[in-house]
Every structure is written in structure tokens, then in C-alpha cells.
Amino acid sequence: MSSSELKNDRILRAFQRQPVDRTPVWMMRQAGRYLAEYREVRAQAGSFMGLCRSPELAARVTLQPLERYELDAAILFSDILTIPDAMGLGLNFVAGEGPVFEHRVKTAADIDRLPQPSAEKELRYVMDAVAACRKELAGQVPLIGFTGSPWTLATYMIEGGSSKTFAASKSLLFNEPEAAHRLMAKLADTVADYLNGQVEAGAQALMIFDTWGGALDPVRYREFSLAYMRRIVEQLPREREGRRIPVTLFTKGGGQWLEDIADTGCDGVGLDWTTSLTDARRRIGDRVALQGNLDPCMLHANPEVIRREVARCLEEFGHGPGHVFNLGHGIQPETPPENVDAMIRALHELSPAYHDAAATSATS
Ligand code: 1CP
């Protein structure tokens, strides 16, 4: 199916800062443990990676949030850690502990030995999941493909899993910057191939999660995270099926670097809740779309508070196109699903006032 047959293209229009009838919305981690129907399919798959490796089950959970809520995009169900896994590090998800790798990257020699997995071979299963999602969506909304940033992937590869201090990964940057550059370059080129593969398989928008970029000091952020996200953006296809493929960069905690992020050539910048949309729009809103930024904890508040905060978010961005509503980080597993309803209802009621009534878009 060509994307011109999309029934709802609000989000693609918003990423290009074109007029829309209301502010489009999707949620980071919108398919996941807060949904009972997700937990059921996850149990059926046996393991998290089993779920990611089954195109049929991955497509099923990708569509689950769209069955409950009027969202304007789907995001491929997969994980950023598929790449380190395909580099031979052996990924496992241990209950209560999160991701754990069998092997860690410890030395420069380990870095030079790492293979570069390809979208065509080792990561073929992700491309098959993209194609299955696109088929199941049947043009309902666009499909977002994604990856982690080189720095964020490197933290997991060096620490062997999640970390609070990033002591080992930061030590590599400080003590062995040349080896660190070789690792980031290898990851950047692997990620670029991976995203190109996702677009070929049917992804209509792309997102790079730099979840741990904000843990770096400004010098190291520019040198080891931002520079390699730019290297990826430079290698991406910008158009397919006659439409632009927008790419969004999200550095959590990156509010002080918005101008540099916007300068990479991306179409959208993701914001967490510590940056005001007004401030971000003033600084970079003439160049890129802004995505965000409700605190995911707000979804534990009562529906009246949620409505008031959605109103505040819309008012902060202000009138006109270029805003993609989202949370400021992933939805939490303990979130009551009915509170998501309250958020989306408020957005649908309140956001048309921020757009010109005459806005045209293919909408369902
Ligand atoms: O057992 C389970 O069900 C595991 C929970 C889970 C889920 C639902 C993990 C393990 N990954 C996912 C899916 C996932 N991960 C998606 C799916 C699409 C969607 O949004 O609906 C996406 C986009 C990701 C991306 C991801 N994985 C990020 C970047 C975004 C972010 O939240 O910052 C990161 C850092 C990961 C690593 C990861 N995978 C899983 C967990 C629990 C974690 C985080 C570990 C940590 O905090 O260090």
C-alpha cells in the first residue's frame, strides 16, 4: 500500500509543520505492560525476545493500543537492544532486573572484534515485524520505526545492563576516547543500515531514542552522542512512496542542547517534561517539529488534573502546527489504562482550538 492511501496522516503533516485539524498524539512505549492484553500475548510468547522475533505476535501487540485509543501513529513493537544482541552479546530479560547481557564490552580489543549485524541478515526478523505491522495497519495510521542512539546502546553493552552511574561506559570515553569513537562509529553505521532496512520494510517515520544522552557533560554529549546521531541522520532516506520520512531525535535530559539537536538535520525534536514547550518553540520551533512532553507520572493523577495539564501543554506550545503530543518519556507499567483515555479525550476536545478550522488532512 502506498502512503498516499493513509487514512490518517496528521502526524506526518505535523512533523513537516503543515496545518492539521487537531494535535496528533502517540505515546512512547504505548504497547506494553500497562495493558492486560499485552501481558497475555507476552505470556503466550514465553519471553520478551520471543515476542520480538515473532512478526505475527509483534504486529498484534503493536496494534493493541490503537484498538483502545484514538492514536495517530503506531510504533513497531521491538526494542533498542536488538542491535547489541545481534552483535553477539546475548540479551536476556530477567524478571525484576530488566535487560542483562551474557557478554560485556570491556576492552578496545572487544570493540574491534564486534561484528556489524545487517538489516538483511541478523536483524531480518525486525524487518519482517515491520512488514507485518504495516500489513495489519492497512493504512489506518503511519508506522514509526525506531532505534537507540549509539551512546545509549553503548551504555548497555559496556555496563552489561541498566546502570545508575554509567561509571564503566563514561570511563571508556574519558580513558580511551579513540576506542570509544570506534565503538560509536560502528554502532552509528549499524543503526543507519537498520533504520534504512525498516524504511524499506514499510516504516513511515523514524525515532532515535537517546535515553541516556542527558547523563553526559556537554563536551562528551556533543562528541560522543550528538555527533553520531548526526552521522545516522545523514545516512537516512528522506523520502519514500512520495512522502518525507520524518526522523525525530529524543535526548532525555537534553533541554540545554536543543539548538544543536535541531541542527543535525532531523525533522522533530523530542522533549521530556523538564523543558517548557514555549521555550523550546522559541528556540527551535521555526526549524523542527516538537514532540512531547507530559510527565508520564501525570497519568497517575485524577482525570481532572490530567485534563488541566493537557490544556497547559497545548497552551505552552500555542497556536499553529508543528506539535506532536506525547509523554516526556515512556508510559509506566503501573499506569491505569483509563487515565490514558482521559488524556486523549482532553486532547481531542481542546486541541482543535489551536489549529485553523479549515486545515485539510486525510483523516479517518
Ligand atoms: O517483559 C517485558 O514486557 C519487558 C518490557 C519492555 C517493553 C514493553 C522492554 C524491555 N522493551 C519493551 C518495548 C519497547 N522498548 C518499545 C516498544 C514500542 C512501544 O513504544 O510501544 C520501545 C520503543 C522500546 C525502547 C527502549 N528499550 C528504550 C528507549 C526508550 C525509553 O524508554 O527510554 C530503552 C532504554 C529500552 C531498553 C529496555 N528494554 C526493556 C526495558 C525494561 C528497558 C529499559 C531498561 C532500563 O531502564 O535501563
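# Close-up views of a sheet and a ligand site

**View 1. Strand β4 and its two rows of side chains in the predicted model.** L143, G145 and T147 point one way from β4, while I144, F146 and G148 point the other way, and all of these residues are buried. The strand covers residues 143–148. It is mostly covered, with six of its six residues buried. Here, buried means a relative accessible area under 20%, with protein chains only taken into account.

**View 2. Strand β4 beside strand β1.** β1 consists of residues 74–75 and pairs with β4 in the parallel sense. Two bridges make up this pairing. Within it, A74 stands opposite L143 in β4. L143 is also one of the buried residues of β4, pointing the way that G145 and T147 do.

**View 3. Strand β4 beside strand β5.** β5 spans residues 205–210 and runs parallel to β4. The two strands are joined by five bridges. I144 of β4 stands opposite A205 in β5. I144 points the other way from L143 and is buried.

**View 4. Strand β5 beside strand β8.** β8 is formed by residues 247–251 and runs parallel to β5. Five bridges join this pair. I208 stands opposite L249 in β8.

**View 5. The sheet as a whole.** Seven strands form an open sheet with parallel pairing. Their order is β1-β4-β5-β8-β9-β10-β11. β1 and β11 (323–327) stand at the edges and have a single partner strand each, so one side of each is left without a neighbour in the sheet. For β1, the partner is β4, as in View 2.

**View 6. The ligand in its pocket.** The ligand sits in the largest pocket. Around the ligand are 23 residues, of which Y38, D79, Y156, S162 and H329 come nearest.

**View 7. Polar contacts of the ligand.** A polar atom in the side chain of Y38 lies 2.5 Å from an oxygen atom of the ligand. In D79, an N or O atom of the side chain is 2.7 Å from a nitrogen atom of the ligand. Q30 contributes a backbone N or O atom, which lies 3.2 Å from an oxygen atom of the ligand. On its own, the ligand has 900 Å² of accessible area, and the protein covers 89% of this.

Notes. Residues numbered from 1 in each chain as written. Predicted model: local features only at pLDDT ≥ 70, side-chain atom pairs only at ≥ 80, totals over all residues. Heavy atoms only, no water. Buried < 20%, exposed > 50% of the residue type's maximum accessible area, 1.4 Å probe, protein only. Helix = DSSP H or I, 4+ residues; strand = E, 2+ residues; numbered from the N terminus. Pairing = 2+ DSSP bridges. Near = heavy atom within 4 Å. Polar contact = N/O pair within 3.5 Å; in protein donor to acceptor, adjacent residues only side chain to side chain. Areas by Shrake-Rupley, 256 points an atom, 1.4 Å probe, with all protein chains shown as cover. 1 Å grid on protein atoms, 1.4 Å probe; cavity = no way out; pocket = protein on both sides within 12 Å on 5 of 7 lines; lining within 4 Å. Sits in = over half its atoms within 2 Å of the grid points.
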